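Student: Hey, I've just opened this one and don't know where to look. Can you walk me through it?

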Amino acid sequence: MDSILQVKNLKKVYQQKVAVEDISFQIHTGEAYGLLGPNGAGKSTTIHMIAGIEEVNNGEVFIQNNSIQKERKKAQSFIGVVPQEIALYPSMNAEANLRFFGKLYGIKGHQLDQAVEENLKLVGLYDRRKEAVEKYSGGMKRRINIAAALLHQPKLLIMDEPTVGIDPQSRSHILETVKKLKEEKGISILYTSHYMEEVEVICDRVGIIDHGKLIAEGNLTDLKKDYGDRSQLLIQLKNTKKLQSNLSNLREKIGFPIEESEKGLRIITYSPHEALPLVMNELGKVGCEIRSIDIMESNLETIFLTLTGRTLRDE
């Protein structure tokens, strides 16, 4: 299978601190690849080196067989980037924004008209094209952000947290758009997200980064086979204040990984039915009342926690 992106032994050092160390992976034509990692793991630095925004200290990046170091402009011509922050002019309307960015790509005349119209329709905002972007909802702004990255028909679309902080309707529309780009247009996707369920739904393969290294890679079936022998025990509590002051002591007594979740505890264990009585006993001793208990079989989130010991949003 042809590769649109080849990343070979990438390394990046900032002031003697290694941010990325010896990362290698590839993305095939028409494939969606999910790149996951806790905050500070080296994910954003890796993306910036692939896009030619950051200089590479060691290693190579090839896009459509063109080196990002030696043939930067040519390599970048095959990439569309959807940044985490909105990169639009708020006082201009959506159509004017797309025309401006299209001209930066060197698109003119009928070709520009066609590209603007096609991508406005793709993201579902053709009827709102004359409205100023500053009047758009957060989800609509993100959809126009995607349209701007697609004007020049890139072979590889880099999407960095494209659904963060938006309404469910826009989020669903973006995910459907990603599927359409991959399946109907054959565009390859490099996708990062803090929402595991998104990655499970749209990505063919996943790479997990931690401490600047790629620690696991494969499709979900393979990852489950290699790392998915643990379950997730979710315990919601009526009051988490008592838990916070006793959490370190609780971890020590129970002897397996415990993460504090929004409403209680998340525990990754091989034997949830054996772990549960121990946890309940210790919670009872410190006066924590249990609201609910759920046992979840292995999924991408469980695998991620097993490998990194951290949630995606942990520093």
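Tutor: Sure, we'll go through a sheet, a hairpin, some helices and one residue. Keep in mind that this is a predicted model.

Student: Okay, the sheet then. What order do the strands of the open sheet come in?

Tutor: The open sheet has four strands in the order β12-β13-β11-β14, and the pairing is antiparallel.

Student: Which strands stand at the edges?

Tutor: Those are β12 (258-260) and β14. Each has a single partner strand, so one side of each is left without a neighbour in the sheet. On average, neighbouring strands of this sheet are turned by 20° against each other, ignoring direction.

Student: And how many bridges join β12 to β13?

Tutor: Three, with the two strands running antiparallel. Look for Ile-258: its bridge partner in β13 is Ile-267.

Student: What about β11, is it mostly covered or open?

Tutor: Mostly covered. Strand β11 spans residues 231-237, and five of its seven residues are buried. It pairs with β13 (residues 264-269) in the antiparallel sense over six bridges, and Leu-234 has Arg-266 as its bridge partner there. With β14 (residues 290-296), β11 forms another antiparallel pairing over six bridges. In that pairing, Gln-232 stands opposite Met-296.

Student: Which helix packs on the sheet and touches β14?

Tutor: That's α10, residues 272-285. It touches β11, β13 and β14, and its direction makes about 25° with that of β11. Helix α11 (residues 300-308) lies across β11, β12 and β13, running at about 80° to β13.

Student: Where do the side chains of a strand point, generally?

Tutor: In a regular strand they alternate between the two faces of the sheet.

Student: New topic: the start of the chain. How do β1 and β2 pair?

Tutor: β1 (residues 3-14) and β2 (residues 17-28) are antiparallel, with nine bridges between them. For example, Leu-5 stands opposite Ile-27 in β2. The two strands form a hairpin with two residues between them.

Student: Which residue in the turn has a positive phi?

Tutor: Gln-15, with a phi of about 45°. There's also a positive phi at Gly-52, near 80°, and that residue follows helix α1.

Student: Oh, α1. Is that one enclosed or out in the open?

Tutor: Largely enclosed by the rest of the structure, because six of its eight residues are buried. The helix covers residues 43-50. The buried ones are Lys-43, Thr-45, Thr-46, Ile-47, Met-49 and Ile-50.

Student: Now helix pairs. At what angle do α3 and α4 pack?

Tutor: About 130°, with their axes 10 Å apart. Helix α3 is residues 94-104 and α4 is residues 109-122. The two are therefore oblique to each other, and α3 passes α4 in a right-handed crossing.

Student: Which residues meet there?

Tutor: From α3 you have Ala-94, Glu-95, Leu-98, Arg-99, Gly-102 and Lys-103, and from α4 Leu-112, Asp-113, Val-116 and Leu-120. By class, that contact has five nonpolar, one polar and four charged residues.

Student: I see Glu-95 and Arg-99 in there. Why do residues three or four places apart point the same way in an α-helix?

Tutor: Because an α-helix has 3.6 residues a turn.

Student: And how do α5 and α6 cross?

Tutor: At roughly 20°, and their axes come within 9 Å. That makes α5 roughly parallel to α6. Helix α5 is residues 138-150 and α6 is residues 168-183. This crossing is right-handed.

Student: Who meets whom in that pair?

Tutor: Gly-139, Met-140, Arg-142, Arg-143, Ile-146 and Leu-150 in α5 meet Ser-170, His-173, Ile-174 and Leu-181 in α6. The classes in this contact are five nonpolar, three polar and two charged residues.

Student: Last one: Asn-66. Buried or exposed?

Tutor: Buried, with a relative accessible area of 6%. Asn-66 lies in strand β5, residues 66-67.

Student: What is Asn-66 in contact with?

Tutor: Leaving aside neighbours within four places in sequence, Asn-66 is in contact with Val-61, Glu-71, Lys-74, Ala-75 and Phe-78. As for Tyr-14, 52 residues apart from Asn-66 along the chain, the C-alpha atoms of the two are separated by 26 Å.

How values were computed:
Residues are numbered from 1 along each chain as its sequence is written. This is a predicted model: local features need pLDDT of at least 70, side-chain atom pairs count only at pLDDT 80 or more; totals for chains, interfaces and linings use all residues. Side-chain values use heavy atoms; hydrogens and water are left out. Buried means under 20% relative accessible area, exposed over 50%, partly exposed in between (1.4 Å probe, protein chains only). Two strands pair if DSSP finds at least two bridges between them. Axes are lines fitted to C-alpha atoms, for helices over the stretch in contact, and angles run from 0 to 180 degrees between N-to-C directions. Angles under 35 degrees count as roughly parallel, over 145 as roughly antiparallel, 65 to 115 as roughly perpendicular and the rest as oblique. A crossing is left-handed if the near helix is turned anticlockwise from the far one by less than a right angle, and right-handed if clockwise. Contact means heavy atoms within 4.5 Å. Ala, Val, Leu, Ile, Met, Phe, Trp, Tyr, Cys and Pro count as nonpolar, Asp, Glu, Lys and Arg as charged, and the others, Gly among them, as polar.
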